[in-house]
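Visitor: Could you walk me through this structure and explain the terms as we go?
Guide: Gladly, let's look together.

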Amino acid sequence: MEKRSVVRGIGHYLPERVVENAEFEKTLETSDEWIRSRSGIERRHFAAEGQTTSDMAIRAARAALDDAGLGPDDIDAIVLATSTADLTFPSAATMVQAGLGMTRGFAFDVQAVCAGFIYAMANANALILSGQAERVMVIGAETFSRIMDWTDRGTCVLFGDGAGALILEAATGAGTPADRGILSVDLNSDGRQRDILYVDGGVSTGITGHLRMQGKEVFRHAVEKLSQTAHTALEKIGLSGQDVDWLVPHQANLRIIKATAQRLQLPMERVIVTVQDHGNTSAASIPLALSVGKAQGHIKPGDLLVTEAIGGGLAWGSVVLRW
Ligand code: UT7
């Protein structure tokens with residue numbers, strides 16, 4: 001018998017405002033055709049004026065609680081992945097705790113940029129397996145629209161806002177890959193790659209700053225490292241691409257998603273793709289894809305899922321779980 005962190009509920013929130021690619025044609029030398037063919041993105045959601053990461057996270061968390069049939073005080077901990085917390089501190093997670101009306105437990109943020117939700121799931125799993133929490137709300141929430149340079153066509157057309165929340169709870173399994181819940185985790189980072197994807201602001205600068213990216217370089221790392229981390233996580237439990245029901249990748253670029261699926265020998269029919277509607281929502285992209293994939297009837301109980309992501313740091317990783 002082995003303790004497992006199993007999925008109890010999921011939910012998401014997307015801000016109302018939808019911006020189609022064509023809107024960027026008014027202010028930038030770009031085209032719907034370029035954005036679509038280079039990234040697979042067709043539209044994205046942007047937060048309303050004054051709407052924050054914690055606002056969206058609270059809505060996603062409420063949806064996950066409804067899905068699970070739980071109340072806020074049934075949750076022991078909130079682990080929130082974001083690089084765009086409302087303030088330098090306190091954490092967005094404690095704002096969500098207060099917003100949900102949760103009067104017990106603990107909450108903290110995890111910062112691993114686009115890989116944030118993978119790191120947050122790994123943290124939540126460790127809290128559950130070590131007995132420090134029975135139920136953890138894992139959230140990915142971002143307002144990347146606040147850190148865009150609207151004159152940089154190489155980045156501002158790629159990102160979007162949103163939030164997704166997943167509730168994990170302790171259960172007992174047989175200790176085999178047939179168990180429900182998180183089965184394997186692989187985390188990596190390489191701080192030498194800081195200059196290819198970063199924000200040129202923060203506490204040391206006195207400004208919030210804007211996202212800066214060498215797209216081609218990040219692309220090259222992504223294709224290689226994402227398939228490698230997914231392979232590693234599967235190998236740890238004696239599985240391969242053939243065993244996977246759904247690849248739920250970080251939604252940055254359809255070409256990266258296709259290349260990763262191909263390297264895992266997975267047909268695109270077994271990949272959850274939301275990048276066309278959400279753009280790159282950084283740490284929110286995987287829980288958004290999980291929630292949409294479930295709502296569309298694709299992801300079902302018992303399915304084997306591989307999630308993977310890479311982002312600034314570089315930081316990357318993969319979580320294998322059975323839904
Ligand atoms: O979530 C974190 C991880 N991030 C990622 O995974 C993103 C990884 N990178 C990418 O997705 C791709 O590299 C991009 C979508 C950012 C760019 O695609 P690319 O095929 O690598 O294009 P490129 O950067 O090599 O640019 C090709 C051309 C350039 O023109 P020149 O130098 O060849 O004349 C760019 O200036 O396209 C130009 N370009 C644009 N043209 C029209 C760049 N952005 C745009 C634009 N509209 N928005």
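Guide: Helix 5 gives 4 residues to the shell around the ligand, the largest share. This is a predicted model, where local features need pLDDT of at least 70 and side-chain atom pairs pLDDT 80 or more, while totals for chains, interfaces and linings use all residues. Residues are numbered from 1 along each chain as its sequence is written, and side-chain values use heavy atoms, leaving out hydrogens and water.

Visitor: What makes a stretch a helix here, and which elements give two or more residues to the shell around the ligand?
Guide: Helices are DSSP runs of H or I with at least four residues, strands are runs of E with at least two, and both are numbered from the N terminus. The ligand sits in the second largest pocket. Helix 1 (32–39), helix 5 (215–235) and helix 6 (254–263) each give two or more residues to the shell.

Visitor: How do you know which residues surround the ligand?
Guide: A residue counts if one of its heavy atoms lies within 4 Å of the ligand. There are 22 such residues, and the closest are Thr30, Lys216, His250, Asn253 and Asn280.

Visitor: What makes the Thr30 pair a polar contact?
Guide: A polar contact is a pair of N or O atoms within 3.5 Å. A polar side-chain atom of Thr30 lies 2.6 Å from a nitrogen atom of the ligand, so the pair meets that cut-off. Lys216 has a polar side-chain atom 2.8 Å from an oxygen atom of the ligand, and for Trp34 the distance to an oxygen atom is 3.3 Å.

Visitor: Why is the ligand said to lie between domains?
Guide: Domain 1 (2–173) and domain 2 (181–322) both contribute residues to the shell, so the ligand lies between them. The domain bounds come from an automatic or database domain assignment.

Visitor: Why is the peptide bond from Phe89 to Pro90 called cis?
Guide: The omega of that bond is near 0°. Pro90 is found in the loop between strand 4 (77–81) and helix 3 (92–100). The bond from Gly313 to Leu314 is also cis, with omega near -10°, and Leu314 lies in the loop between strand 12 (304–311) and strand 13 (315–322).

Notes: A polar contact is a pair of N or O atoms within 3.5 Å; within protein, one must be able to donate a hydrogen and the other to accept it, and residues adjacent in sequence count only if both atoms are side-chain atoms. On a 1 Å grid over the protein atoms alone, a cavity is a set of points where a 1.4 Å probe fits but cannot get out, and a pocket is an open set with protein on both sides within 12 Å along at least five of seven lines; lining residues have an atom within 4 Å of a point. A molecule sits in a cavity or pocket if more than half of its atoms lie within 2 Å of its grid points.
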